[in-house]
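Welcome! Below are some short exercises for getting to know a new structure, each followed by a worked solution. Take a look at the model first, then try each task before reading on.

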Amino acid sequence: MVSASKNPFTPTFGRVPALMTGREQILAEMTRAFESGPGNPNLSTIFAGARGTGKTALLLHLSRVAQEQGWISVNVSCIPGMLEDIAQQAYEAAADLVDPSEHARLRSVTIGSVVGVEWDNPEVPAGNWRTRMSRLLKALNAQDIGLVITVDEVQPNLDEMIQLASVYQHFVGEERKVSLLLAGLPGKMSSLLRNESVSFLRRANKHTLRPIADEEIAIGIRYTVEEGGRTIQAPAIEAAVKASEGFPYLMQLVGFQSWEQRPHADEITLDDVNLGAAMARKNFVERVLEATYFDLSPNDVRFLQAMLEDPEESRLADIAERLGEASNYTSTYKRRLIEQGVIGERGPSFVAFELPGFRDYLAQKCGPLSK
Ligand SMILES: Nc1ncnc2c1ncn2[C@@H]1O[C@H](COP(=O)(O)OP(=O)(O)OP(=O)(O)O)[C@@H](O)[C@H]1O
Ligand SMILES: [Mg+2]
């Protein structure tokens with residue numbers, strides 16, 4: 001029996017998991033970028049992914065990686081007021097560097113004079129946003145300190161997003177040690193990239209966060225359980241992997257609920273996982289599938305119902321025919337549903353359900369299209 005039984009799984013949106021499962025390549029690439037500094041193209045990176053694929057967790061994790069390499073980082077959501085938020089956070093983080101320890105004395109002289117504040121009273125000085133940020137960056141960079149800005153939930157139509165991108169472009173041009181990491185739903189990211197005023201972002205590094213491979217999920221589950229001080233049987237891992245369907249949030253729910261079955265036992269068994277997975281599916285329906293369904297329009301739903309009669313992939317032409325509509329009609333709804341992470345493309349003329357369990361949920365809720 002184990003006495004400490006704190007559940008190590010993190011089925012909460014925005015929580016950084018015990019292990020960033022399946023993201024080794026991204027992490028290696030970004031760690032290298034923070035190490036090497038200006039000129040590394042990966043310092044400007046865009047992450048696109050459906051709900052629950054781990055965008056927020058990844059941004060937070062990367063900002064910690066950057067901090068370990070001596071960068072300061074500011075994390076914002078793409079909402080009005082974001083620029084001011086970036087300036088405030090950046091000045092506060094810089095003021096934190098200005099600690100009166102021996103070590104930081106040199107640093108404190110330069111940065112302190114830019115931040116222009118007493119230790120405990122950081123104020124953002126006057127000037128427009130670009131000048132203020134530019135002054136801070138210069139002082140930071142003089143001490144070889146970089147600035148990472150992460151922007152979550154990108155909204156392509158927010159003016160401040162466009163402003164940030166174009167000022168950032170100037171900073172890159174001036175060879176500043178600066179990094180911009182953006183994350184959002186796939187549709188929002190592609191719509192941002194279509195905007196002519198930020199066309200330089202098209203050259204940024206891009207990652208689409210796809211479902212995680214089963215072997216990686218297995219590693220993540222075992223690692224997390226062992227971090228929590230327990231073990232898990234091989235058949236139990238296999239069942240948990242199957243129930244997770246490559247989806248990080250579902251994996252966390254399955255792990256969490258399986259752990260909770262007998263939190264004081266040394267080992268997690270197949271029975272624990274079978275019970276846990278059933279509860280996890282219920283949580284997933286309530287927290288993700290229902291919320292997604294209520295965001296859909298009646299025509300989105302009709303499109304999805306028209307997909308139900310195909311066992312896996314659906315041909316767009318078949319969907320159009322079942323709906324009695326022209327093909328440009330289906331392309332509009334296809335785009336909307338991809339943007340919401342409900343379906344994904346399978347080649348140019350096929351689509352399939354992407355959100356785990358959504359097909360069964362919809363079949364139960366609405367049934368196939370009535371003729
Ligand atoms: N690489 C990963 N491995 C394991 N678990 C992860 C990973 N990334 C995220 N998670 C977990 O998945 C869940 C969803 O993560 P997160 O909130 O980052 O998703 P998101 O893409 O930002 O979702 P949304 O679009 O709703 O904002 C959280 O419980 C988080 O702990
Ligand atoms: Mg998020």
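**Exercise 1. Find out how confident the predictor is along the chain.**

Solution. Start with the whole chain: this is a predicted model, and its pLDDT averages 89, with 91% of the residues scoring at least 70. Next, look for weak stretches. Over residues 100-106 the pLDDT is below 50, and this stretch makes 4 contacts in the model beyond near neighbours in sequence. Residues 117-122 also have a pLDDT below 50; here the model shows 8 contacts beyond near neighbours in sequence.

**Exercise 2. Work out the strand order of the sheet that holds strand 2, and say which strands stand at its edges.**

Solution. Step one is the order: this open sheet has 5 strands, arranged 2-3-4-1-5, and the pairing is parallel. Step two is to read off the ends. Strand 2 (72-77) and strand 5 (205-208) each have a single partner strand, so one side of each is left without a neighbour in the sheet. Step three is the twist, which averages 15° from one strand to the next.

Now zoom in on one pair. Strand 2 and strand 3 (residues 147-152) run parallel and are joined by 6 bridges. Within this pair, Val76 has Val151 of strand 3 as its bridge partner. Finally, ask what lies against the sheet: helix 6 (residues 159-173) packs on it and touches strand 1 (44-48), strand 3 and strand 4 (178-184). The direction of helix 6 makes about 150° with that of strand 4.

**Exercise 3. Do the same for the sheet that holds strand 10, and find the helices that pack on it.**

Solution. Again, begin with the order: 3 strands form an open sheet, 8-10-9, with antiparallel pairing. The edges are strand 8 (314-315) and strand 9 (343-345); each has a single partner strand, so one side of each lacks a neighbour in the sheet. Strand 9 and strand 10 (residues 350-353) run antiparallel, with 3 bridges between them. In this pair, Ile343 stands opposite Phe353 of strand 10.

Then turn to the helices. Helix 12 (residues 298-307) packs on the sheet, where it touches strand 8, strand 9 and strand 10, and its direction makes about 95° with that of strand 10. Helix 14 (residues 327-339) packs on the sheet as well, touching strand 9 and strand 10; its direction lies at about 115° to that of strand 9.

**Exercise 4. Describe how helix 3 packs with helix 5 and with helix 6.**

Solution. A reminder first: two packed helices are described by the angle between their axes and the distance between the axes.

- Helix 3 (residues 82-97) and helix 5 (residues 129-142) pack at about 25°, and their axes are 11 Å apart. Angles under 35 degrees count as roughly parallel, and helix 3 and helix 5 are therefore roughly parallel to each other. Their crossing is left-handed.
- Who meets whom? Leu83, Glu84, Ile86, Ala87, Ala90, Tyr91, Ala94 and Leu97 in helix 3 meet Trp129, Arg132, Met133, Leu136 and Leu140 in helix 5. Sorted by class, this contact has 11 nonpolar, no polar and 2 charged residues.
- For helix 6, the axes of helix 3 and helix 6 come within 9 Å and cross at roughly 50°, which makes helix 3 oblique to helix 6. Here Met82, Leu83 and Ile86 of helix 3 meet Glu160, Met161, Gln163 and Leu164 of helix 6. The classes are 5 nonpolar, 1 polar and 1 charged.

**Exercise 5. Repeat the analysis for helix 10 and helix 11.**

Solution. Take the geometry first: helix 10 (residues 248-261) and helix 11 (residues 270-294) pack at about 135°, with axes 7 Å apart. That angle makes helix 10 oblique to helix 11. The crossing of helix 10 and helix 11 is right-handed. The residues in contact include Tyr249, Leu250 and Leu253 of helix 10, and Asp272, Val273 and Leu275 of helix 11. By class, the contact of helix 10 with helix 11 has 11 nonpolar, 5 polar and 2 charged residues.

Key: Residues numbered from 1 in each chain as written. Chains lettered and ligands numbered in written order. Predicted model: local features only at pLDDT ≥ 70, side-chain atom pairs only at ≥ 80, totals over all residues. Heavy atoms only, no water. Axes fitted to C-alpha atoms, helices over the stretch in contact; angles between N-to-C directions. Helix = DSSP H or I, 4+ residues; strand = E, 2+ residues; numbered from the N terminus. Parallel < 35°, antiparallel > 145°, perpendicular 65-115°, else oblique. Left-handed = near helix turned anticlockwise from the far one by under 90°. Contact = heavy atoms within 4.5 Å. Nonpolar A, V, L, I, M, F, W, Y, C, P; charged D, E, K, R; others polar. Pairing = 2+ DSSP bridges. pLDDT = per-residue confidence, 0-100.
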